[in-house]
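Subject: Structure for you to look at

Hello,

I am passing on the structure we talked about, and I would be glad if you opened it beside this message and followed along. Please take your time with each part.

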Amino acid sequence: MITKIHNIKNITTYDPILDKIVVENTDSIIIENGRIIKIGLEDEDWIINHELDAQQTIITPGFIDSHTHLIFASNRSDDFSNRISGKSYIEIAESGGGIKSSIKSLRNISKDQLLDKCLKDINNIVKTGTTTIEAKSGYGLTLEDEIKSLEVIRDLNEESTIDVVSTFMGAHDFPLEINNKNDYVNLICNEMIPEVAAMNLAEFCDIFCEKGYFDHEQTRKICNSAKEHNLKIKLHIDEFEDFNGAYLAGELKAVSADHLMKSNSKGLTHMAKNGVVATILPGTTLFLGLDTYANGRKMIEAGCDIALASDYNPGSCTIYSIPIVMALSCLYCGLSIEEAFKGVTYNAAKAINRQDSIGVVKENYFADLLFWDINSIAEIPYWFNSDKLSMVMKKGKLI
Ligand code: NIG
Ligand code: FE
């Protein structure tokens, strides 16, 4: 099956060879079996099965949301009400709200109901241009409920229109029924990770390394077990205070380290040296009503590659729109439009280890494409409601 896209205004994409955003004026894109096989004027006689008129839109790569907690069961608007009347995220968590309340509801929902809820979410998410999403478990915190969450991620790959990259996050919090924190760390290392790996249910392992959650020693231990079972590492670090998480992320050679609101320069330099993608989540800062946004400029100066993601979850951020996240990163984190665009395409692909197949518009890459009724990519964060997005294509098919 060969598809030809014609009547394109231009293709705007990051080019990894030229190391910059390029605007290519081109005539057509030829797609076969979900991949781009040719860009530009044809010098071969393709047998075209299907033609698509781009109607003079700009084509960009589909957005990649490299950090979400999509697999949750119920809403936490009570937390929101408590926050706006003055309680902090940590105070709400300590009084039984927060992640712990999401654990209760996830344990009580059936796998089918959970799948249904996530499919509905994805239907909304694709309308804002996301064509690949990372999703974490982490609201189950028993072997059974973590497996249930990861099986939902597996099924979403079959039943939804987009790709869902799976991350095991048993180390999201300590469950209430556990008396000794190290017993839970041992359960993660000795039972959960081996089972998740044996069932081939995850590609990454993520840990909430923060004061009151998992400390450095516990984080190292879980990482070692994950690596032994061929899971790659992602980390939540320095969200509420500087816990020296950035330095640890460098030491553990995580694929990406996320949040970084309070990270210090030495740690960021160590991340850059070890190739850890710095993922910032400004939607969370906005939604929590905080004023210390991650300093993206400082990270770029330290040499880090920056990805932007939503952190979509029921407690600290219900924003899933990547254009909104781009706008926040430009307004509050010191990124340029080009840096934000690279952060939701090429660098976001790097944050999930997919930089050789998605995130740029290039021959041999998947045809995950967005068609925009705009004049330049500055209009993506500018019209951040995504209403200028006229078509979304996943692996060569319009969705
Ligand atoms: O990334 N920080 C830890 N996890 C999420 C919040 C999850 C929740 O509140 O349910 C985050 O912000
Ligand atoms: Fe998160």
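Below I go through the strands, then the helices, and then the surroundings of the ligand.

Please keep in mind throughout that this is a predicted model.

**The sheet of eight strands**

A good place to begin is an open sheet of eight strands, which follow one another in the order E6-E7-E8-E9-E10-E11-E12-E13 and pair in the parallel sense. At its edges stand strand E6 (63–65) and strand E13 (306–308), and each of these has a single partner strand, so one side of each is left without a neighbour in the sheet. From one strand to the next, the twist averages 25°.

If you would like to look at one pairing in detail, take strand E12 (residues 277–280) and E13, which are joined in the parallel sense by three bridges. Here Ile280 has Leu308 of E13 as its bridge partner. In general, the strands of a sheet pair through backbone hydrogen bonds, and they may do so either parallel or antiparallel.

Helix H12 (residues 322–332) lies across several of these strands, namely E6, strand E7 (130–136), E12 and E13, and it runs at about 130° to E13.

**Strands E1, E5 and E14**

Strand E5 (residues 50–61) shows both kinds of pairing. With strand E1 (residues 2–15), strand E5 pairs in the parallel sense over seven bridges, and the bridge partner of Asn10 in E5 is Ile58. With strand E14 (residues 369–372), by contrast, E5 runs antiparallel, and four bridges join the two; in E14, the bridge partner of Pro61 is Leu369.

**Helices H4, H5, H6 and H7**

Two packed helices are described by the angle between their axes and the distance between the axes, and I use both for the three pairs that follow.

Helix H4 (residues 111–126) packs with helix H5 (residues 143–159) at an angle of about 50°, and their axes are 10 Å apart. This angle makes H4 oblique to H5, and the crossing of the two helices is right-handed. On the H4 side the contact is made by Lys111, Leu114, Leu115, Cys118, Leu119 and Ile122, while H5 contributes Lys148, Glu151, Val152, Asp155, Leu156 and Glu159. Sorted by character, the residues of this contact of H4 with H5 comprise seven nonpolar, no polar and five charged.

H5 also packs with helix H6 (residues 181–198), at an angle of about 30° and with the axes 10 Å apart. Because of that angle, H5 counts as roughly parallel to H6, and H5 passes H6 in a right-handed crossing. Leu143, Glu146, Ile147 and Leu150 of H5 make this contact together with Glu191, Met192, Glu195 and Val196 of H6, and the residues of the contact of H5 with H6 divide into five nonpolar, no polar and three charged.

H6 in turn packs with helix H7 (residues 216–228), where the angle is about 10° and the axes are 10 Å apart. H6 and H7 are therefore roughly parallel to each other. The residues that make the contact are Val185, Ile188, Cys189 and Ile193 on H6 and Gln218, Lys221, Ile222, Ser225 and Ala226 on H7. In this contact of H6 with H7 there are six nonpolar residues, two polar and one charged.

**Around ligand 1**

Which residues come nearest to ligand 1? Of the 13 residues around ligand 1, these are Ile99, Asp311, Asn313, Gly315 and Ser316. The shell around ligand 1 divides into three nonpolar, eight polar and two charged residues.

With best wishes

Conventions: Residues are numbered from 1 along each chain as its sequence is written. Chains are lettered from A and ligands numbered from 1 in the order in which they are written. This is a predicted model: local features need pLDDT of at least 70, side-chain atom pairs count only at pLDDT 80 or more; totals for chains, interfaces and linings use all residues. Two strands pair if DSSP finds at least two bridges between them. Axes are lines fitted to C-alpha atoms, for helices over the stretch in contact, and angles run from 0 to 180 degrees between N-to-C directions. Two residues are in contact if their C-beta atoms, placed from the backbone, lie within 7 Å. A residue is near a molecule or strand if its C-beta atom, placed from the backbone, lies within 6 Å of it. Ala, Val, Leu, Ile, Met, Phe, Trp, Tyr, Cys and Pro count as nonpolar, Asp, Glu, Lys and Arg as charged, and the others, Gly among them, as polar. Angles under 35 degrees count as roughly parallel, over 145 as roughly antiparallel, 65 to 115 as roughly perpendicular and the rest as oblique. A crossing is left-handed if the near helix is turned anticlockwise from the far one by less than a right angle, and right-handed if clockwise.
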